[in-house]
Amino acid sequence: MASRAAIFLLVVLVLASAVRGYDGERRRWEPEPEEERQPEFLLPKAKVVVRTDAGVMKVVKGVSGRFVKNPLHFGFITMEPSSFFIPQYLDSSLILFIRRGEARVGHIHKDDLVETSLKIGDIYRIEAGSTFYLINPAEGQRLHVICGIAKPEAIGWQPFQSFYIAGGRDPVSVLSGFDPMTLSTAFNVSEAELMGMVGKQQLGPIVYLSDSHPSNVWSKFLKLDRNRKMASLKEMASMNEEIHFEDDEEQSVWSISKLVVSFFGGRGDRRRTGSKKGHAYNLYDRTPGFRNNYGWSIAVYDSDYKPLRHDDISVYLVNLTAGSMMAPHINRKAHEYGVVIGGSGRVQIVYPNGTLAMDEEVAEGDVFWIPRFFPFCQIASRTGPFEFFGFSTSARNNRPQFLAGSGSMLHALRGPELAAAFGVSEKRLNEIIDAQRESTILPSATVAPPDGKD
C-alpha cells in the first residue's frame with residue numbers, strides 16, 4: 001500500500017512539473033501586453049552612466065543573442081564649455097563622432113601621448129585599453145559626441161567598463177585599490193603624498209577647467225607648454241630632492257604630473273601631435289557615395305580610415321529629403337545600427353518568412369538596428385529631412401542589394417524564370433520593375449508618415 005501511495009505521489013509531482021513547464025513555455029512565446037512590448041529592433045532609451053555639473057554620458061545597450069555575438073553599443077557624451085573628461089581607459093574601443101562643437105582628445109599610442117583636435121563631422125578611434133582624456137576647449141559651446149562602443153570580447157552584462165586612472169572619492173581611481181606601501185614604492189614618493197592625491201577628487205568624471213571652479217588644477221596641468229609637457233613631467237618625476245609647496249593647489253598639480261608620467265610613459269620628448277597614428281577622418285569632407293534629388297548617403301570603410309579595421313566596423317551617414325525613401329534593401333555582410341540625428345521618419349524591417357518585423361516611427365535620439373540579411377527601408381516624414389548616423393559590423397564595403405529601384409537585383413534577374421516565380425507574365429513583370437526610374441533613394445511615397453508623431 002505504501003508503495004502504491006509513493007508511486008501515485010511521484011506521478012502527481014511529475015504531472016505538476018510538466019504543467020508548470022508547459023505554462024512557462026506558453027508564457028514565453030505568448031505576445032506581451034501591448035503597453036509592455038518593446039519593438040524588437042528599436043533599442044531602449046539611453047541610460048545615464050555619468051552625470052556631473054560639467055557633463056553627461058548616456059549609453060544605449062546593443063542586443064546580443066541569436067543574431068549578434070558581440071553587440072555594438074551607443075554612447076552619447078555632452079560636455080559643458082571648458083570641461084574635461086578625466087583620464088581613463090576602457091575594456092572597449094571607442095569610435096567617436098563629433099556631432100556638435102569641437103574637442104581635443106589625448107590618448108596613449110605605443111607609449112607616446114598623442115593629442116588631436118577634432119571638429120564637427122570628425123571620426124576618431126580610441127583603442128580598448130588605451131588611456132585617454134577628452135576636452136571641450138570652447139568657452140561658449142557645448143560638445144556633443146556620439147560613440148560606437150565595441151567590446152573585443154563579450155564579458156559581463158555592462159556595455160563597457162571604465163577604469164579611471166585619475167580620481168579620488170568620485171570617481172575612484174584604480175590606484176586606490178593598491179596597498180599604500182606598494183603604491184608608495186611604485187611612485188617613489190611618501191604614502192602621505194599619495195593619499196593626498198588619490199583621495200582628493202570628488203567632482204565626478206567630467207569636471208570644469210575654468211579657474212572659477214575647484215577643478216582648476218586640471219586646467220593648469222593642461223595649459224602646460226604642449227611641446228614640453230611630457231619632458232617637464234619626466235623631470236619632475238625624477239627629482240630626488242624634497243620639494244616644498246606653498247599651497248595645496250600646486251602640490252596637486254605636481255601629484256597629477258607624477259601620475260601622468262607613470263601611466264603615460266616618460267617619452268615626452270618624442271610626443272607626436274596630429275601624427276599619422278592620431279589622425280581623424282571627417283565625414284562632411286567626403287563626397288557622398290550616392291546623391292540624387294531625394295537625398296544622399298556617405299559610407300566610410302577601412303580603406304578610407306584604417307583604424308576601423310581593428311574593430312571590423314564601418315560608419316555611415318544618410319540624409320533623406322522630406323517624404324523620400326531609402327529603397328528596400330538587404331545587407332549581405334553586416335548588421336547595421338543607426339541613431340536618428342535629425343528630423344523624423346519610419347523604419348520598416350521584414351522577417352525572413354515575409355512578415356513585417358517592425359514598422360516604427362522614429363525621431364531624434366532613437367536608436368535602431370537591423371540584423372544581417374533582413375530586408376528593410378527607411379522613410380522620411382513629409383514635414384522635413386530625415387538624417388541618421390550609424391555603424392555596420394564590417395569594415396569593408398557592405399555592398400547592399402536593393403530590392404526595388406532602377407538598380408535593384410530584380411533588374412539583373414529579369415527574364416521568364418523570374419516572371420514564372422512571381423506567377424505573372426514577363427511583360428507584366430517588366431512593366432512593374434521598370435516603373436521606378438530612380439535608384440537607391442526614391443521620391444516621395446504615400447506611406448511616408450505625415451508629421452513624425454504618434
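## Working through a hairpin and a histidine

β6 and β7 make a hairpin with 2 residues between them, and Lys110 in the turn has a positive phi of about 50°. Keep in mind that this is a predicted model.

**Exercise 1.** Work out how β6 and β7 pair, and which residue stands opposite Arg104.

*Solution.* Start with the ranges: β6 covers residues 103-109 and β7 covers residues 112-118. Next, check the direction: the two strands pair in the antiparallel sense, over 7 bridges. Now go to Arg104 and look across: Ser117 in β7 stands opposite. Finally, check the cover on β7: 6 of its 7 residues are buried, so the strand is mostly covered, with buried meaning under 20% relative accessible area.

**Exercise 2.** Find where His335 sits, decide whether His335 is buried or exposed, and say what its side chain reaches.

*Solution.* First, place the residue: His335 lies in the loop between β18 (325-330) and β19 (336-342). Then compare its accessibility with the cut-off: His335 has 15% relative accessibility, and buried means under 20%, so His335 counts as buried. Last, follow the side chain of His335: it reaches the backbone nitrogen of Arg372 at 2.9 Å.

**Exercise 3.** Put these details into the context of the whole chain: how many helices and strands are there, and what share of the residues is buried?

*Solution.* Count the elements first: the chain has 9 helices and 26 strands. Then take the burial: 47% of the 454 residues count as buried. Turn to the contacts with a separation of 6 or more: 74% of them come from residues 24 or more positions apart. To finish, take the outside: the accessible surface is about 23,600 Å², with 52% belonging to carbon and sulfur atoms.

How values were computed. Residues numbered from 1 in each chain as written. Predicted model: local features only at pLDDT ≥ 70, side-chain atom pairs only at ≥ 80, totals over all residues. Heavy atoms only, no water. Helix = DSSP H or I, 4+ residues; strand = E, 2+ residues; numbered from the N terminus. Buried < 20%, exposed > 50% of the residue type's maximum accessible area, 1.4 Å probe, protein only. Polar contact = N/O pair within 3.5 Å; in protein donor to acceptor, adjacent residues only side chain to side chain. Pairing = 2+ DSSP bridges. Contact = heavy atoms within 4.5 Å. Areas by Shrake-Rupley, 256 points an atom, 1.4 Å probe, with all protein chains shown as cover.
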